[in-house]
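Let's take a walk through some side chains, starting with the cysteines and moving on to a glutamine and the aromatic rings.

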Amino acid sequence: MDDEMLDPYDSGSDMDLGSSVADGERALHPDDAVSTIYPDDSISMRDFKAVRRKKRRAAPSMISEAPSLISFHSSVDGHLFKTIHGRAFNNQSDLYMLPADDHEHSRLDIQHRALALHLGSLYPSKRLVQAALKPNSEVIPAVLDVGTGSGRWAIDIALEFPHAEVIGLDIVPPVLLTDEDVPNNCRFEVDDANLSFEHYENAFNVIHLRGANQGINDFQSWLYEMAKMLRPNGVIILVNGYPQMYDPQYQPLPTRQPGQEGFTWLQFVWSSVYKALHNRGNFAVDSCLYWQGWLECNPNYTSPQTRSVYVPLGPWKQEMSQRGQFVSALMREDCIRILGNFKPLLLGDGHKEADVDQWIENATKELQDLSVHCYSRWQYTVAVRNEQPWQERLEEPQPLDTGAGTLLDAASDSASTPDDLTNM
């Protein structure tokens, strides 16, 4: 595989790093330190309880009469959050084992910016998405962002399509947003994506999910449910990052024990996280391996496509553009922070705190000093809702722990460029 030919960053002159972000935000520059863009003292270290009590204005909905939880009230807070090993987690689902506090949401902001700049867009398949969201005199185009996290993708898509209505849905509210952050055509709902969406039948032109598949109990059935929510020719966009890192030849880094040949602390920590999820009975983390096949078998969708992109963790490649260096630095920071955020999961799996702290410190050092050259892999899967009447699922759900494959040591596929994704 010719690495240079597939490099998405160095195929031309440096682009404006603010060109793919919403109007009104300052353009980012590769000379900016990540700590300057997302300073801990202004985001991660702020008073979490004070932030989550901020109230939002109510945004009128043209889609559904169902109520939205768009304010943070004390009577609601106690039901939404619980504390595990000193971190705030959602209190609605035991599947999703990342924190739900301001530390985590600031990390998600970094990840969102990295992926948007890497792709040069908020979404793949530009032709399909823009056709689905074009202005319509008969019905207002609408977008649902499932597992919205910090809410940044929902906000940016609302700014790009001001004539559309955007709903960000998650089991906890976005804790860092204020009234001024949220455009009038965007609102947030607190709900469990595993529950019924019958009040949103035939309501959306685009449904987006990124990095939240581990929180979906039965993803194959969920795809049927989303098909019921999509309007004809609507688009579903599924995005997921792998817990498997890849070497400069796009081959999986081996999962080894300390002292063995090819061992890296980075892959060791990721594999430990992955095994901890499986030990909790969460095999939903593997669901992205099945997305393409499930969509092909689902009678409600047409034209499913899957592509993978590989983003460097840190500026280790030779002759990277400024844009490439900046995106890789953001993705490295995202990786460092998420490893720390998985500490409660690893402690819950029975590992000693001193060991976990040392593992994370060692993996962080590998990333910071660039002693490990590797890529993170991001999978994008897109499908279109056909124009036929919705058909329910007839076969019984099957468990994912059948040995058909896991995300560890997952074989690489051809590395797609950002243009490949936007032209899907």
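## Cysteines

Cys297 is out in the open: with a relative accessible area of 62%, it counts as exposed (over 50%; buried means under 20%, and partly exposed lies in between, using a 1.4 Å probe and protein chains only). Cys335, on the other hand, is buried at 4%. The closest cysteine sulfur to that of Cys335 belongs to Cys374, and at 7.1 Å it is too far away for a bond. The structure has zero disulfides, a disulfide being a pair of cysteine sulfur atoms within 2.5 Å.

A word on ground rules: this is a predicted model, where local features need pLDDT of at least 70 and side-chain atom pairs count only at pLDDT 80 or more, while totals for chains, interfaces and linings use all residues. Residues are numbered from 1 along each chain as its sequence is written, and side-chain values use heavy atoms, with hydrogens and water left out.

## Around Gln379

Gln379 sits in strand β9, residues 375-385 (strands are DSSP runs of E, at least two residues, numbered from the N terminus). With 4% relative accessibility, Gln379 is buried.

What does the side chain of Gln379 pair up with? One polar contact, of 2.6 Å, goes to the side chain of Tyr242, and another, of 3.3 Å, goes to the side chain of Thr381. (A polar contact is a pair of N or O atoms within 3.5 Å; within protein, one must be able to donate a hydrogen and the other to accept it, and residues adjacent in sequence count only if both atoms are side-chain atoms.) Leaving aside residues up to four places away in sequence, Gln379 also touches several others, among them Leu238, Cys288, Trp291 and Arg307, where contact means heavy atoms within 4.5 Å.

## Aromatic rings

The whole structure contains 16 aromatic pairs (ring centres of Phe, Tyr or the six-membered ring of Trp within 6.5 Å; planes under 30 degrees apart are stacked, over 60 edge-to-face, the rest tilted). Tyr200 and Phe204 have centres 5.1 Å apart and planes at 65°, so they're edge-to-face. Both Tyr200 and Phe204 are buried.

Tyr310 and Tyr375 are also edge-to-face, with centres 6.3 Å apart and planes at 80°. This pair links distant parts of the chain, 65 residues apart: Tyr310 is in strand β8 and Tyr375 in strand β9. Tyr310 is buried at 4%, and Tyr375 is buried at 1%. Elsewhere, Phe219, Trp222, Tyr290, Trp291 and Trp294 make up one aromatic cluster.

Terms used. Helices (H or I, at least four residues) and strands (E, at least two) are DSSP runs, numbered from the N terminus.
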